[in-house]
Amino acid sequence: MNEGLADRYAQISAAPAAGQDERYLRVFVFALFFFFGGITSLNDVIIPKLKALFTLSYAEVLTIQSAFFGAYLIVSLPAAAIVRRIGYMRSAALGLTLMMAGSLLFIPASSSALFGMFLVALFVVAAGITILQVVANPLISLLGPPATVHSRLTFAQAFNSLGTTIFPYVGAILILGALATIDPATLTGTALRDYRHEATQIIGHTYLGLAATLFCLALAVWWDRNHLRERRDTESGWSEAIALLRLPRFRFGALCIFLYVGAEVAIGSLIVSYLTQTDVLGLSAKAAGEHVPFYWGGAMVGRFIGTYVLRVISPGKVLAAAAAAVMALLFISSHTVGAVSGWSLLAIGLGNSIMFPTIFSLASEGLGVRAASASGIIGVAIVGGAVVPPLTGHVADVLSLKTALIVPAVCYAGILAYGIYARRPAPAAAELKGA
């Protein structure tokens with residue numbers, strides 16, 4: 001990228017408005033991470049519910065993740081353009097409003113009791129979350145010194161994990177409880193249609209409550225939309241954003257985001273089904289759903305620990321070590337039975353903890369004010385959550401759930417390689433020259 005293009009790339013700069021406390025903005029970003037993380041993790045509860053209701057295979061039901069994470073492919077670059085044009089706070093309000101609209105779509109989806117309608121609702125929710133992702137990651141990077149960006153982003157991601165720990169537990173109680181009393185496979189005809197209608201109403205009511213909460217949040221963010229002083233660039237286009245892929249470190253990092261999200265979502269999506277297997281823990285669907293927070297809770301604990309560790313150890317080395325640990329846990333889980341098999345899979349959450357923020361910050365080193373566009377490209381890479389889970393589900397259908405763990409294991413091997421590759425800091429000048 002030549003110097004002229006680099007100068008035109010100064011898309012957006014932000015600072016707390018005069019007289020306002022920067023801590024408010026950090027709390028605001030932490031709240032965004034909490035809510036979009038929690039709502040995303042509800043997919044892990046919906047998947048076993050809809051699999052049973054509509055008698056779907058693993059590959060079929062995991063199209064839920066394809067619909068959800070496919071939004072990142074379609075919406076991320078437009079979201080980055082929106083952030084450049086209208087700023088962080090207004091974009092956040094827009095994202096929350098879209099999430100609210102998608103949550104409300106669960107009402108007609110529940111009334112129709114059609115699987116396809118749930119996919120549409122999930123896509124709209126994910127479109128809103130995509131905008132929040134593009135807002136939150138670069139914004140937290142701006143709210144502090146560059147030297148601590150790795151640990152700061154990891155700390156913010158801990159609030160994402162707090163949401164993913166709380167929401168599935170509550171969701172398992174509200175959504176999965178009915179599976180413990182009635183087996184839809186034993187119903188036919190009118191009885192099956194009536195049961196599907198009644199059971200899907202539970203999902204609709206859950207998301208109606210979320211819609212009300214999101215509406216209040218959107219209003220609060222809009223009220224404080226001038227909390228940042230922002231200089232926006234309305235001239236830079238998608239071609240300049242895509243040009244970032246010419247940077248080897250950024251390109252490899254974006255690929256690893258694809259691999260990481262795909263692997264994490266694939267494992268999270270299968271936890272309930274995995275723990276119900278007789279050679280694992282043999283739990284009921286509801287009890288297995290209540291174990292999902294251990295997976296996400298491990299990520300939360302690991303991110304709080306990682307906030308400190310990443311200040312004293314090279315982020316690349318920490319990333320490589322975490323990836324190696326997860327690969328070991330996958331091997332143990334797939335080659336053992338009983339509690340060892342189940343809990344080794346749940347322990348993967350701890351290994352996952354620092355991966356997304358560390359990959360993001362390593363890939364974005366030296367990009368400076370180009371962070372908004374970098375976040376847009378990385379947002380596209382999150383489409384890995386739409387690709388890897390159905391592939392894992394297909395292997396599970398053809399072979400077995402344990403054998404299917406080889407798919408995320410391959411993904412973590414790529415992340416291990418990136419940690420080794422990016423173990424040394426990349427000077428900003430080198431990044432610009434590489435472009």
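Among contacts between residues at least 6 apart in sequence, 86% in this protein chain join residues at least 24 apart. Keep in mind that you're looking at a predicted model. The chain has 23 helices and two strands, and buried residues account for 59% of its 435 residues. Its accessible surface comes to about 16,200 Å², with 69% of that belonging to carbon and sulfur atoms.

**Helix α12 against helix α20**

- Helix α12 covers residues 248-275, and its axis sits 7 Å from that of α20, at a packing angle of about 50°.
- That angle falls outside the ranges for roughly parallel, roughly antiparallel and roughly perpendicular, so α12 and α20 count as oblique to each other.
- The two helices, α12 and α20, make a right-handed crossing.
- On the α12 side, the contact uses Phe258, Val261, Gly262, Ala263, Val265, Ala266 and Leu270. The α20 side brings in Gly384, Gly385, Val387, Val388, Pro389 and Thr392.
- Sort the contact residues of α12 and α20 by class and you get nine nonpolar, four polar and no charged.

**Valine 398, in helix α20**

- Helix α20 spans residues 384-398, and valine 398 belongs to it.
- Valine 398 has a relative accessible area of 55%, and the cut-off for exposed is over 50%, so this residue counts as exposed.
- The C-alpha atom of valine 398 is 9.9 Å from that of tyrosine 58, although the two residues are 340 apart along the chain.

**Proline 408, in helix α22**

- Proline 408 is part of helix α22, which runs over residues 406-421.
- With a relative accessible area of just 1%, proline 408 is buried, because the cut-off for that label is under 20%.
- Set aside its neighbours within four places in sequence, and proline 408 is in contact with Ala263, Ile267, Leu330 and Thr392.
- Two of those partners turn up in the α12 and α20 packing as well: Ala263 on α12 and Thr392 on α20.
- Valine 265 is 143 residues away from proline 408 along the chain, yet their C-alpha atoms are separated by 9.4 Å.

**Helix α18 and its neighbour α15**

- Ten of the ten residues of α18 are buried, so this helix is largely enclosed by the rest of the structure.
- The buried set in α18 includes Phe356, Pro357, Phe360, Ser361, Ala363 and Ser364.
- Helix α15 (residues 315-334) packs with α18 (residues 355-364) at an angle of about 140°, and the axes are 10 Å apart.
- The crossing of α15 with α18 is left-handed.
- From α15, the residues in the contact are Pro315, Gly316, Leu319, Ala322, Ala323 and Val326, and they meet Met355, Thr358, Ile359 and Leu362 of α18.
- No charged residues take part in the contact of α15 with α18, which has eight nonpolar and two polar ones.

**Helix α3 against helix α5**

- The axes of α3 (residues 43-53) and α5 (residues 63-86) come within 10 Å and cross at roughly 145°.
- Asn43, Asp44, Ile46, Ile47 and Leu50 of α3 make the contact with Ile64, Gln65 and Phe68 of α5.
- By class, the contact of α3 with α5 has five nonpolar residues, two polar and one charged.

Definitions and conventions. Residues are numbered from 1 along each chain as its sequence is written. This is a predicted model: local features need pLDDT of at least 70, side-chain atom pairs count only at pLDDT 80 or more; totals for chains, interfaces and linings use all residues. Side-chain values use heavy atoms; hydrogens and water are left out. Helices (H or I, at least four residues) and strands (E, at least two) are DSSP runs, numbered from the N terminus. Buried means under 20% relative accessible area, exposed over 50%, partly exposed in between (1.4 Å probe, protein chains only). Axes are lines fitted to C-alpha atoms, for helices over the stretch in contact, and angles run from 0 to 180 degrees between N-to-C directions. Angles under 35 degrees count as roughly parallel, over 145 as roughly antiparallel, 65 to 115 as roughly perpendicular and the rest as oblique. A crossing is left-handed if the near helix is turned anticlockwise from the far one by less than a right angle, and right-handed if clockwise. Contact means heavy atoms within 4.5 Å. Ala, Val, Leu, Ile, Met, Phe, Trp, Tyr, Cys and Pro count as nonpolar, Asp, Glu, Lys and Arg as charged, and the others, Gly among them, as polar. Accessible areas come from the Shrake-Rupley method with a 1.4 Å probe; for residues, only the protein chains shown count as cover.
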